[in-house]
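Trainee: I have a model open and would like to learn how to read its backbone and its pockets. Where do we start?

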Amino acid sequence: MLKRRFASAAMLLTVVAGGLVATSAPAAAAPNYQLPFPCGQKWRLNTWDSTHAPSLDMVREPQSETEGSLLVAPASGTVNQSFYHDNAGNVIQINHGGGHFTTYIHLQSRAVSVGDRVTQGQTIGRVGHTGPTSNGTPHLHFEQGYDANGDGTVTWGFEGAERVTARFDGKAYGPAPGGEWRNVESRNGCGNMFGADFNADGIGDIFSEATGTLNIWNGQGNNNFATRQEIGGGWSAFSKPVAGDFNNDGISDLAAIKNGSTLNIWNGEGGNEFGAAVEIGGGWAPYDGTLTSLGDVNKDGHDDIAAITDGTLYVWNGKGGNAFGPATRVGGGWSAFSKPVGGDFNNDGIGDIAAIKNGSTLYIWNGEGGNEFGAAVEIGGGWAPYDGTLTSLGDVNKDGHDDIAAMTDGTLYVWNGKGGNAFGPATAIGPGWTPYF
């Protein structure tokens, strides 16, 4: 059983972090913090005793998976501390504006530096057990704080510091000592879990293979994209790639079928870089040309893939580490539809499917978990010009909703998701996209 008393280093931490302060009510509302872990992960939260509360110690469930777990920003902000402390180990602190701060202690590693701007869901480090006050037990010591004295930072790590009750997704965890919450599921990044994010900035990217070359356009928010970047050649032998986080490291990967038979995965390494191809297995000939990524449709925290053969949709549930379970038959009747695309269009954290029927009408099937889907929801007609080019981009305007895109007459359009299976009007991104669809 994990129990760590940070107060054992109280005097040393006071010298570094500052003296006792009087608390006061925050003048500005705190951000809508999400748990600082990727969407779908489950963690145990403890306040422990009066010297530790309202700070939280967090371990992953199962606890054995805590060490090295990815740490992501719970809200947007600017890094104002990133250093190694003699007692606390690797420490990061983020200024979220309005006097609100978060502090992360005992990290295995830090991926950000002072002055870096981060967005919600962006990787900032990994959980570990650095520093003697970790007692050698992997966990995250987490504090939400408010700058009560207005000095531009918050004190942390000792009783009486400027720490406040932690809230995630609108729910308070504390402040009373002895609090324990089991299997708290992260909703962080769930609105962007199905789009491609190859540079790990929390914004959906566009990718495409053309004449054997992989290209990426990194999203910049507000439906804007950076200049096309050529990633590499040699893709002519592969089907059109699909994106998902197949090794659960928080960075989008690519999957494609080689020579109409063998599935391969390239794991993203951030910065639009990829590792070597990992051969997953053969027998994919019946699905060549219909491979797609759906996100997490069985609600187990791993991205899944799907494909159609003879009008029947099949799903392969991800297991992490680039592994997949056996094919699960979802149902028939797909011959009348375009290749399906995945996204969380009703914002419930479960992967949904979208497709165009008879070259005209857009439909959505909302995931219900366990590879089950609700009845088809008719979104609307007028999609004939976009039949065959429908794609899912994730959250390209950074509003927390998954978006879709399609191309006609060389112009790329984006429909920004509004939640509840609703989309805004078409937004023209620009011409010149014919070679990439």
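**Reading the backbone and a pocket**

Mentor: Start with Asn223, which counts as buried because its relative accessibility is 12%, and the cut-off for buried is under 20%. Keep in mind that this is a predicted model.

Trainee: Where does Asn223 lie?

Mentor: Asn223 lies in the loop between β17 (219-221) and β18 (224-225). Now look at its backbone. Phi is near 65°, a positive value in a residue other than glycine.

Trainee: What is phi for Asn135?

Mentor: Asn135 also has a positive phi, near 55°, and is not a glycine. Find Asn135 in the loop between β9 (123-126) and β10 (140-146).

Trainee: Next, omega. Which peptide bond leading to Pro62 is cis?

Mentor: The one from Glu61 to Pro62, with omega near 5°. Pro62 sits in the loop between β2 (56-60) and β3 (70-72). Gly174 and Pro175 are likewise joined by a cis bond, with omega about 10°. Pro175 is in the loop between β13 (171-173) and β14 (180-185).

Trainee: Now pockets. What volume does the second largest pocket have?

Mentor: About 610 Å³. It is lined by 29 residues, and those closest to its centre are Phe207, Pro241, Lys339, Leu390 and Thr391.

Trainee: Which elements give two or more residues to that lining?

Mentor: β15 (206-210), β20 (242-244), β26 (292-295), β30 (341-343) and β36 (391-394). The largest share, 4 residues, comes from β15.

Trainee: How many lining residues of the second largest pocket fall in each class?

Mentor: The lining has 15 nonpolar, 10 polar and 4 charged residues.

Conventions
Residues are numbered from 1 along each chain as its sequence is written. This is a predicted model: local features need pLDDT of at least 70, side-chain atom pairs count only at pLDDT 80 or more; totals for chains, interfaces and linings use all residues. Side-chain values use heavy atoms; hydrogens and water are left out. Buried means under 20% relative accessible area, exposed over 50%, partly exposed in between (1.4 Å probe, protein chains only). On a 1 Å grid over the protein atoms alone, a cavity is a set of points where a 1.4 Å probe fits but cannot get out, and a pocket is an open set with protein on both sides within 12 Å along at least five of seven lines; lining residues have an atom within 4 Å of a point. Grid points are joined across faces, edges and corners, and a volume is the space filled by probe spheres set on the points. Ala, Val, Leu, Ile, Met, Phe, Trp, Tyr, Cys and Pro count as nonpolar, Asp, Glu, Lys and Arg as charged, and the others, Gly among them, as polar.
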